[in-house]
Amino acid sequence: MSASGAAMRTSPSAAVLGLAFLGLALMAGSFFAPMWSVALKAPNYPEPIYPHGVRIDLHWTRVANGCGAQLREEIAEEEVLDCVAEMNTINHYIGMHPIERGAQLEFAIAPYLFVAFGALALVGLFYRGPLWWTLWIPSIVLPVGFLADFSGWLWWFGHHLNEWAAFTVKPFMPTVLGEGKVAQFGTIAYPQYGFALSVGASLCLALALLRRRKELRAGQ
């Protein structure tokens, strides 16, 4: 077989390219979408005003307000509820640090990591040297990394309580997924569509990796 024929056999197929580029597009989409939501509910936050509770949305680069505008009939105008500030106020009473203390480094480097991980995956499409498949791993494990980092920071917030709190609670692990309770507040944490995009990206890239591996073995 000629050298050009061997090169053609080890070039990524259209299926591999399609899966890889779809995965990278989904990964890019997740960067701009909310990944996870955390909400607190209590009788003093009525559902007509707080239909989703006091909610914050976690993105790759920030914590965003999860509450929308609410019509205040007494003044006949809409008011945007700031649930990040409201949750900080609630957490203050049990001695938790402000939300802004968490994941500052991760938020700052996230754009650079996304670019670097995407570039590594692209290089992995054409590189055929030793351990070529490791170039795909960072992009594939992104949602797992998000969950691990998110869970770690929740643990930190729940185990580093200030002693001057108005209400004393024992160190605890805040709810990562599902419903829980902190003092008199009900808590709920659930994934947002950004996490679904991230998982979809991982599946596409993993399938592309497996297919690429099969092609390289056939080419040898």
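# A guided tour of the predicted model

Select L131 to begin: its relative accessibility is 53%, so L131 counts as exposed. The structure on display is a predicted model. L131 belongs to the loop that joins α4 and α5, and its phi angle is near 55°, a positive value in a residue other than glycine.

Next, select A103, in the loop between α3 and α4. The phi of A103 is likewise positive, near 55°, and this residue is not a glycine either. A103 has 8% relative accessibility and therefore counts as buried, the cut-off being under 20%.

**Helix α4**

Now select residues 104-126, which form helix α4. The helix comprises 23 residues, and the distance from its first C-alpha to its last is 35 Å, close to the 33 Å expected at 1.5 Å a residue. Centre the view on A110: α4 has a kink of about 50° here, shortly before the proline P111.

Which residues of α4 are buried? They are A110, F114, F117, G118, A121, G124 and L125. In an α-helix there are 3.6 residues a turn, so residues three or four places apart point the same way. To see what covers the buried residues of α4, display the surrounding helices, including α2 (14-31), α5 (137-140), α6 (142-159) and α7 (193-219).

**The nonpolar cores**

Select W36, V54, W60, W136 and F146 together. These residues have the most contacts inside the largest nonpolar core, which contains 44 residues. Contributions of at least two residues each come from α2, β1 (36-41), β2 (54-58), α3 (83-93), α4, α6, β7 (185-191) and α7. Helix α7 provides the largest share of this core, with 6 residues. Another core, of 6 residues, lies apart from it; I94, M96, F157 and F172 are among its members. In soluble globular proteins, nonpolar side chains tend to be buried together.

**The largest pocket**

Proceed to the largest pocket, whose volume is about 890 Å³. Its lining consists of 45 residues, and the closest to the pocket centre are L58, F150, W153, L154 and F157. F157 thus appears twice on this tour, as a member of the 6-residue core and as one of the residues closest to the centre of the pocket.

Which element gives the most to the lining of the largest pocket? Colour α6 to see the answer: this helix supplies 8 residues. At least two lining residues each are supplied by β1, β2, α3, α4, α6 and β7.

**H59 and its contacts**

Select H59, in the loop between β2 and β3 (63-65). With a relative accessibility of 7%, H59 falls under 20% and so counts as buried. Display its contacts next, leaving aside neighbours within four places in sequence: H59 touches F32, A33, P34, M35, A64 and F107.

**F21, the last stop**

Finally, select F21 in helix α2. Is F21 buried, exposed or partly exposed? Its relative accessibility is 45%, so F21 counts as partly exposed. Add N88 to the selection: F21 and N88 stand 67 residues apart along the chain, and their C-alpha atoms are separated by 40 Å.

Conventions: Residues numbered from 1 in each chain as written. Predicted model: local features only at pLDDT ≥ 70, side-chain atom pairs only at ≥ 80, totals over all residues. Heavy atoms only, no water. Helix = DSSP H or I, 4+ residues; strand = E, 2+ residues; numbered from the N terminus. Expected span 1.5 Å × (residues − 1). Bend = angle between axes of the 7 residues up to and from the residue. Buried < 20%, exposed > 50% of the residue type's maximum accessible area, 1.4 Å probe, protein only. Contact = heavy atoms within 4.5 Å. Core = buried A, V, L, I, M, F, W, Y, C linked by side-chain atoms within 4.5 Å. 1 Å grid on protein atoms, 1.4 Å probe; cavity = no way out; pocket = protein on both sides within 12 Å on 5 of 7 lines; lining within 4 Å. Points joined across faces, edges and corners; volume = space filled by probe spheres on them.
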